[in-house]
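Have the viewer open and a few side chains switched on. The notes below walk through charge pairs, nonpolar packing, rings and one polar residue.

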Amino acid sequence: MSEQDMQKNTVAEQTNAFTLTKQDNGVAILTMDVPGESMNTLKAAFGDEISAMLDEIDADSSIKGVVLTSGKPSSFVAGADITMLAACETEKDARALAAGGQAVFDRIEKMRATFVAAIHGPALGGGLELALACHYRICSDSPKTQLGLPEVQLGLLPGSGGTQRLPRLIGVQQAMKMMLTGSAARAKQAKKYGIVDDMVPQSVLLEVAQKFALKGKPKREAPQKGLVNKALEQNSFGRNILFKKAREQTFSKTKGNYPAPGMIIDVIETGLNEGMRAGLQAEADAFGKLVMTPESFQLRQIFFATTDMKKEHGVEGVKPAKVGKIGVLGGGLMGGGIAYVTATKANVPVRIKDVREDGIANAMKYSYDILNKEVKKRFMLNSEMQKQLSLLTGSLNYNGFQDADMVIEAVFEDLSLKQQMVSDVERHCKPETIFASNTSSIPITDIAAKAARPENVIGLHYFSPVDKMPLAEVIAHEQTSDETISTTVEFARKQGKTPVVVKDGAGFYVNRILAPYMNEAACLLLAGEPVDHIDKSLVKFGFPVGPVKLLDEVGIDVGTKIIPFLVEQFGSRFEAPGAFDKVLADDRKGKKNGKGFYVYSGKKPGKEVDESIYSVLGVSPSKKLSEKAIAERCVLMMLNEAARCLDEGVIRSARDGDIGAIFGIGFPPFLGGPFRYMDSLGVQNVVNKLTQLSETVDQKFAPAETLVKMESDQKTFY
């Protein structure tokens with residue numbers, strides 16, 4: 001081969017995403033490996049290349065079967081490249097994108113040769129749709145392998161045949177559940193549901209896939225999943241009941257705020273009642289509509305923001321130090337949760353210290369309970385659970401802390417106790433050991449005030465429950481070193497968190513914007529608005545729980561602890577109404593002591609309002625304001641404070657503020673976060689509404705100076 005030919009080949013390898021390798025056994029291996037990307041994503045630009053490959057396979061009668069595999073070591077296909085959607089200017093553009101994908105996958109399904117998808121690692125969205133178009137699917141038994149259609153999380157539906165092929169393969173109910181939740185199935189589940197035909201060790205994946213490729217195409221029967229399912233799925237009367245129920249349940253969850261779930265149900269139903277062709281047409285039409293919705297736009301922005309954040313260091317240009325061992329102070333719920341994510345996600349050994357043996361035992365039980373559920377569901381081997389639990393050890397003193405790279409404290413919210421912990425860690429650990437405080441309210445400057453090495457002190461604020469809440473606030477005080485910031489950010493990421501760097505100060509960012517929102521809910525309650533009316537108003541607006549319910553969940557004593565710190569730093573606008581004092585005086589701490597705004601006994605614990613709360617507060621409940629007015633008042637207080645936080649540099653960018661609010665307090669994702677929401681409302685509208693409320697309700701609604709300035713300069717946050 002001449003040098004020129006070699007250069008040509010190299011260029012071809014770099015620009016082509018697909019390679020076809022023909023073998024003597026009649027099986028060709030079609031490998032997807034997108035150049036320059038860590039994971040494969042499907043792009044519209046690949047259409048011609050795939051068509052050329054399929055032409056070549058069709059033209060070669062010696063190819064009996066094709067194994068479709070990935071050239072990436074740890075993933076199959078992560079989905080379609082969603083940056084393509086930004087180029088769609090109309091529904092028609094987006095519909096054409098879906099129709100193009102459908103046409104390619106239809107062709108694969110109709111090919112003469114038998115196609116087998118050999119799946120190792122994630123096969124998500126368009127990646128699973130590609131596999132569904134193949135005649136067989138074989139997956140590896142690796143914990144990395146997961147199969148799912150997560151498009152609903154971006155306000156979309158599967159647009160390349162997924163809404164039609166998955167229900168026909170595994171049954172309507174299971175397929176619909178996967179599409180409506182967007183949750184992926186692990187390898188074992190995928191085999192059980194019937195998504196894959198076999199699950200094998202990765203070492204023999206290609207070998208087994210080739211055996212399937214030499215078989216004839218399968219004659220699949222309709223999925224039989226028991227008599228009840230057969231009655232519901234195999235006839236139109238049963239299916240009507242099924243879809244009606246699905247719509248009711250979906251609406252009760254989404255409150256009509258998300259258009260995608262309803263369209264998913266419609267499109268599946270069309271395909272089953274009117275046939276595959278009509279189903280695909282309906283799928284492409286719905287995909288076109290959804291791409292152009294504001295909800296999908298905002299959800300896609302969140303996806304891009306979190307993807308960008310994964311690539312950033314805490315401080316630009318400053319590399320994180322390696323963290324090989326962690327100490328955790330305090331064995332309560334937070335300490336147990338921090339130990340769990342450290343051992344199971346970051347795979348780093350944890351030494352837990354508590355003053356009581358049962359504190360250490362409880363912290364370890366936190367991890368055992370979660371992992372044991374995984375073992376019982378057969379998602380995890382018992383040996384794997386034991387391996388993860390072996391990373392947890394405990395001590396009543398500082399033995400075993402001398403080689404810790406970071407110590408995270410999760411003790412009571414008491415300044416002198418936390419300062420004592422800093423002193424203890426400086427005495428018993430290495431000079432480089434980072435001291436990270438999980439305080440939710442005390443400024444880090446105060447905690448570091450007596451430190452010998454203040455540059456090592458930082459805030460690392462988790463949200464409860466730690467194993468579920470995705471956010472972590474990283475709080476640097478004036479003297480925190482850049483390396484400490486970068487190391488803490490990187491370690492929080494290893495724990496599976498989305499870290500946001502915020503400036504020190506009372507409440508940091510998340511609790512600071514949450515406090516005025518909660519305070520306003522309390523004011524409305526004291527004005528006689530019923531508890532459930534307030535909560536339903538905010539749930540309908542898009543929050544996962546209402547503010548009063550949230551206070552019960554976190555603990556009324558804990559939830560109100562931050563208020564004095566905020567009042568001390570920011571003044572009277574943070575003063576809480578007397579309602580909280582009255583409630584606490586009646587020994588109501590919420591869910592944890594079974595006494596709060598809601599009833600925690602009986603058949604529906606936490607579902608019904610405790611009517612006796614009204615006499616404690618001295619009010620007679622009656623609805624005076626509409627749901628919209630209630631939601632507006634609470635949310636405007638939060639937006640106003642978020643604008644101040646950005647102006648004061650508490651958060652680095654509007655993007656960080658949006659992610660913090662969505663991941664930290666469940667701000668409605670379909671609205672994009674406080675800053676994107678203000679942009680969509682228009683800053684002028686926000687200022688007008690705040691001004692009107694400050695004149696008619698209370699001066700505390702006065703718009704932040706930064707908003708007034710933005711209005712006059714006609715500026716936006718993005």
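R633 and E520 are both buried, and the two form a salt bridge in this predicted model. The closest N and O atoms of R633 and E520 are 2.9 Å apart. This pair joins distant parts of the chain, since R633 belongs to helix 27 (residues 627–647) and E520 to helix 20 (residues 510–526), 113 residues apart. There is also a network to look at: R512, R573, E641, R644 and E648 are joined into one by salt bridges that share partners.

Counting everything, the structure has 43 salt bridges. Two others make a nice set with the buried pair, so here are the three with their N-to-O values.

| Salt bridge | Closest N to O |
|---|---|
| R427 and D424 | 3.4 Å |
| R493 and E490 | 3.3 Å |
| R633 and E520 | 2.9 Å |

How are R427 and D424 placed along helix 17? They sit 3 residues apart in that helix (residues 415–428), which means about one helical turn separates them. Their surroundings don't match, though: R427 is exposed at 55% relative accessibility, while D424 is buried at 10%.

R493 and E490 are also 3 residues apart, this time in helix 19 (residues 482–494), and again about one helical turn separates them. Is R493 buried or exposed? With a relative accessible area of 18%, R493 is buried, because the cut-off for that label is under 20%. E490 comes out at 22% and is therefore partly exposed.

**Nonpolar packing**

Which residues have the most contacts inside the largest nonpolar core? They are Y509, V531, F597, F667, L707 and F717, in a core of 89 residues. Helix 27, where R633 sits, gives the most to this core, with 11 residues. As general background, nonpolar side chains in soluble globular proteins tend to be buried together.

L707 is a handy place to centre the view. Beyond its neighbours within four places in sequence, L707 is in contact with N640, A643, M678, V683, V686, V687, L690 and F717. A further core lies apart from the largest one; it has 73 residues, including A94, L166, I268 and A284.

**Rings**

On to the aromatics: the model has 13 aromatic pairs. F18 and F46 make one edge-to-face pair, because their ring planes are at 85 degrees, with the centres 6.0 Å apart. F18 is in strand 1 (residues 18–22) and F46 is in the loop between strand 2 (27–32) and helix 2 (47–59), so the pair ties together parts that lie 28 residues apart in sequence. Both ends are buried, F18 at 5% relative accessibility and F46 at 9%.

F541 and Y677 are another edge-to-face pair, with ring centres 5.8 Å apart and planes at 75 degrees. Here the link is between distant parts of the chain: F541 is in helix 21 (residues 531–541) and Y677 in helix 29 (residues 674–681), 136 residues apart. F541 and Y677 are both buried. They also belong to one aromatic cluster with Y517, F543 and F667, and F667 turns up again among the residues with the most contacts in the largest core.

Charges over rings are worth a click too. K215 lies over the face of F212, 4.1 Å from the ring centre. R512 lies over the face of F570, 4.0 Å from the ring centre, and R512 is also one of the members of the salt-bridge network.

**A buried asparagine**

Last stop is N40, found in the loop between strand 2 and helix 2, where F46 is located as well. Is N40 buried or exposed? N40 is buried, with a relative accessible area of 0%. What does its side chain reach? It reaches the backbone nitrogen of V34 at 2.9 Å, and the N40 side chain also makes a polar contact with the side chain of S70 at 3.0 Å.

Setting aside residues up to four places away in sequence, N40 touches M32, D33, V34, S70, G71, K72, S75, F76, V77, A78 and G79. V34 and S70 thus appear both in that contact list and as the polar partners of the N40 side chain.

Definitions and conventions
Residues numbered from 1 in each chain as written. Predicted model: local features only at pLDDT ≥ 70, side-chain atom pairs only at ≥ 80, totals over all residues. Heavy atoms only, no water. Salt bridge = Lys/Arg side-chain N within 4 Å of Asp/Glu carboxyl O. Helix = DSSP H or I, 4+ residues; strand = E, 2+ residues; numbered from the N terminus. Buried < 20%, exposed > 50% of the residue type's maximum accessible area, 1.4 Å probe, protein only. Core = buried A, V, L, I, M, F, W, Y, C linked by side-chain atoms within 4.5 Å. Contact = heavy atoms within 4.5 Å. Phe/Tyr/Trp six-rings, centres within 6.5 Å; stacked < 30°, edge-to-face > 60°. Lys NZ or Arg CZ within 6 Å of the ring centre and 35° of its normal. Polar contact = N/O pair within 3.5 Å; in protein donor to acceptor, adjacent residues only side chain to side chain.
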